[in-house]
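The paragraphs below lead through a structure, one region at a time. Keep the sequence and the 3D view open while reading.

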Amino acid sequence: MSMQSAPETGKASLWYDPKIRGYVYQALLIGAVVYIGYTMISNVSQNLARQRIPFGLDFWDSQAGFDINQALFPYSARSSYGDAFWVGLLNTLLVAAFGIFFATILGFLVGIARLSKNWIVAKAAMVYVEVIRNLPLLLQLLFWYKAVLEPLPRPRDSIAIPGGALLNNRGLYVPEPVFSAGAGLIGAAFLLAVFGSIAFYLWAKQQQAATGRIYPIGWLSLGALIGLPAVAYVVTGGPISFNYPAMGGLNVRGGITVYPEFIALLLGLTTYTAGFIAEVVRAGILAVSKGQWEAADSLGLPYSRTLSNVVIPQALRVIIPPLTSNYLNLTKNSSLAVVIGYPDLAQVFLGTVLNQTGRAIEIVGITMAVYLTISLLTSAFMNYYNQRMALVER
Amino acid sequence: MNVSANASAYVQAQSLPQLPAPSNTKGPIHWMRANLFASPANTLLTLVALYLIATTVPALLKFYVFDAVWSGSGRDACLSDKVGREVGACWAFVGDRLQYFIYGSYTQAERWRVNLVFLGFGISIVWLLWDKAPFKSVGFLFFFGILPISAWMLLYGGARAEFWFLIAGFALLAWTIWGDVSATRKGETGVFTRPESLIRYGILAAMLLFGLYVQVGPGELPVVETGLWGGILVTLLIASAGIVFSLPFGIALALGRRSKLPIIKLFSVVFIEFVRGVPLITVLFMANVMLPLFVPQEWSPDRLLRPLIGVALFASAYMAEVVRGGLQAIPKGQYEGAMSLGLGYGKMMRLIVLPQALRIVIPGIVNTFIGLFKDTTLVTIIGIFDFMKTIEASFADPLWATPTTRATGYAFAAIFYFICCWGMSRYSISVEKKLAAGQKR
């Protein structure tokens, strides 16, 4: 038998050896990719030469020549394209950070509301989620920008918002804090309160684990966070004053201007992402088995404590990974700023700078690289977190 | 268990009189107490919610229904000082502009071609999504093969169109006949006369006859430049190009990502992660400004084709991840069973693994498609006149410039997108339930 089968395997063509086949397939793929890459590069160089567009980053330091209304550092039309890039990137990060903050709060509220025993609240949350998730973000942004913010009154008829802010069709004007000597002490007091609260939290947790005594962490920290700076404020004699926006001529003077583009983008991103976060939160809470609720009930824990000490810690394990990817989506979606003219990375760099310089490859490449870096960093964090939080099983 | 009358004095000998039913466990009052006013906090929530509803819903109804203008031929119909009453939404604007919203600037006389494509699209959607529809395999051939080719030929027109149309038709015909012939050779009987084959041949024959009719009869279809296409036509075109291309390409990428061959795996992972890491806008810009640089000048793609390519590539990466989820859910025993039957990789995937994997990811595929459908609006940014852009462009028309035009247009767009996306998500949920029912014990 073995005598017969041996020559047969010897005869079998190399093509039927899975290993050899694998090598052939991969070699073919590499060949195809190299060929396509080579053709593309040679086409690009021909096309660029024909259109007389140089290649390289030499435009980075040339004068941009256009202004950007919202810049986080001094920027003018005389600044360089490189500065414009940084302005755009910072604006992207700014709107993403605010958006993530508000979307998380709204999303958790709506997600919990969808599970509420109150029929009206649950249905209202459901309607919100269904409507928001089934409409394109672009439409929602246009709605906020063109249909809500644009019809606001002109500066001379500004709406006064309690607290000294003014709202009109050129934006929201909020009071600007002016710090004089001694204001640093308030900041120091606040920092002290933050660290004190963290230390107290750790100590209280340890005590609870050891003795079972529960300390009112939340109230005490809140008191410290508000109280200590307040005391410092009084002691130093009130070194913070506010520069209130006021009508001056045809426009509002003073205060900090929040541009309508920023407001519209923030509103749009927040409400849109909150709809998705709400579903994530709901799924996370539903993933906690019913026995956990019942056990907490039978221990006599009140609803709020059941939620905060039993259900949410377990739900977070399920919630965090999709939550992170929603944060990432929000950041990527902020590139829709192009449609309403908020000067983010996409609008400034991919839009204006590309139009002015015509350097398609460099600019699209850089923009993609920036978003890709943000994405990869986020997913690296998520993998790390997943490994830490994964249930350790035998 | 033997309880006799004298066993214990504390055992009740006769039943107690029946108590009346608790008055408040049924009926609307009880329901309200349990669901709306269970506790003071709950009552407060209910009141706040009721207040919000009472302030928004009637106002919206008043604006969009009761005060709305339903007919008229110009802005005067929707101006309150001309009409003499308070004016809400200006639906007359939508009615007047509807043709533009559907076809864009597509040549008036040639719009029957668009309608024909809509019809084919509708038939194939029902065919593929309705699970009791017969001859699914023919439906797939129709949706992924015949429809895209004929739709493009039909919509664009021109002399070369029918030529390629006929070539494609004959190629498909030859391919199906060849399949049936080889099946007959293998010993199957009645291959040519089974209903499935008859339908396939019927469709192909209709396609060829149509091509021949156009060739012989009215002559070549006039070219309608893609710059004129717009509205729902373009939105559907981009969305369906996305799905037609992304499904096969996504499956290939997913298989590549799970492949044991390191280089194939590497390329798949890099492609998927790269595309998923960047926003669609950058991909669209790349397709719009970089693609023409990548190809020789004479091949420079059409302006409408560029976002189609961009969207298709983008959707493929997301589809690949959905399909990968399905592949991972197939137990290892299925792979091993297939291999022990002596099936090669291709047959194992085609006959054993993919049919099971794709079935369980139908909801995921539909959800990806919903996302894709919403994302088609982004092509407005690179100047394509999709549905959203036609609406936005109509606001600039002085004929309909009224204070309420914009609100009406957005509401119309919202209704369109909501019906499409919500319908799809309902479908996906129903499939999910059906799949779950099979798993229940």
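In this predicted model, strands β2(A) and β3(A), the latter covering residues 171–174 of chain A, pair in the antiparallel sense over 3 bridges. The connection between β2(A) and β3(A) is a hairpin of 2 residues. One pair to look for is A:Leu166 with its bridge partner in β3(A), A:Tyr173. On the other side of the pairing, β3(A) is joined to β8(A) by 3 bridges, and these two strands also run antiparallel. A:Tyr173 appears here again, with A:Thr257 as its bridge partner in β8(A). Strand β2 of chain A, residues 165–168, is in turn joined to β1(A) by 3 bridges, antiparallel. Within that pairing, A:Ile159 has A:Leu167 of β2(A) as its bridge partner.

Put together, these 4 strands make an open antiparallel sheet in the order β1-β2-β3-β8 of chain A. Its edges are β1 (159–161) and β8 (256–258), each of which pairs on one side only. Neighbouring strands of the sheet are turned against each other by 25 degrees on average, direction ignored. As a general point for reading such a sheet, side chains in a regular strand alternate between the two faces.

Two helices of chain A come next. Helix α7 of chain A takes in residues 217–235, 19 residues in all. At 1.5 Å a residue α7(A) should span 27 Å, and its end C-alpha atoms are 26 Å apart, so the length agrees with the expected value. Among the residues of α7(A), A:Leu228, A:Pro229 and A:Ala232 are buried. In an α-helix there are 3.6 residues a turn, so residues three or four places apart point the same way. The cover over the buried residues of α7(A) includes α6 of chain A, residues 183–211. After α7(A) comes A:Gly237, which has a positive phi near 85 degrees.

Helix α8 of chain A runs from residue 260 to residue 287 and has 28 residues. From first C-alpha to last it reaches 40 Å, close to the 40 Å expected at 1.5 Å a residue. Of its 28 residues, 22 are buried, so α8(A) is largely enclosed by the rest of the structure.

The domain assignment of chain A gives domain 1 as residues 2–51 and domain 2 as residues 81–138 together with 267–389. The C-alpha centres of these two domains of chain A lie 43 Å apart.

In chain B, the assignment gives domain 1 as 88–106, 228–392 and 403–436, and domain 2 as 110–223. Here the C-alpha centres of domain 1 and domain 2 of chain B are 23 Å apart. Between them, 7 residues of domain 1 of chain B are in contact with 7 residues of domain 2 of chain B. Helix α9 of chain B (residues 231–257) gives the largest share of the domain 1 side, 4 residues. By class, that side of domain 1 of chain B has 6 nonpolar residues, 1 polar residue and no charged ones.

Two phenylalanines of chain B can be set side by side. B:Phe373 is part of helix α15 of chain B, residues 362–375. Is B:Phe373 buried or exposed? It has 22 other C-beta atoms within 10 Å, and a residue is buried at 20 or more, so B:Phe373 is buried. Apart from its neighbours within four places in sequence, B:Phe373 is in contact with B:Ala239, B:Cys420 and B:Cys421. B:Phe373 and B:Gly242 are 131 residues apart in sequence, with 8.9 Å between their C-alpha atoms. B:Phe66, found in helix α2 of chain B, counts as exposed because it has 11 C-beta neighbours inside 10 Å. The C-alpha atoms of B:Phe66 and B:Tyr427 are 361 residues apart along the chain and separated by 33 Å.

What remains is the interface between the chains. Here 42 residues of chain B are in contact with 45 residues of chain A. On the chain B side, the elements giving two or more residues are α2 (40–66), α10 (262–277), α11 (280–294) and α17 (405–439) of chain B. The largest share of that side, 10 residues, comes from α17(B). Sorted by class, the residues of chain B that touch chain A are 32 nonpolar, 8 polar and 2 charged.

Definitions and conventions: Residues are numbered from 1 along each chain as its sequence is written. Chains are lettered from A and ligands numbered from 1 in the order in which they are written. This is a predicted model: local features need pLDDT of at least 70, side-chain atom pairs count only at pLDDT 80 or more; totals for chains, interfaces and linings use all residues. Two residues are in contact if their C-beta atoms, placed from the backbone, lie within 7 Å. Ala, Val, Leu, Ile, Met, Phe, Trp, Tyr, Cys and Pro count as nonpolar, Asp, Glu, Lys and Arg as charged, and the others, Gly among them, as polar. The expected span of a helix is 1.5 Å times one less than its number of residues. A residue is buried if 20 or more other C-beta atoms lie within 10 Å of its own, exposed if 12 or fewer, and partly exposed in between; C-beta atoms are placed from the backbone. Two strands pair if DSSP finds at least two bridges between them. Axes are lines fitted to C-alpha atoms, for helices over the stretch in contact, and angles run from 0 to 180 degrees between N-to-C directions. Domain bounds come from an automatic or database domain assignment.
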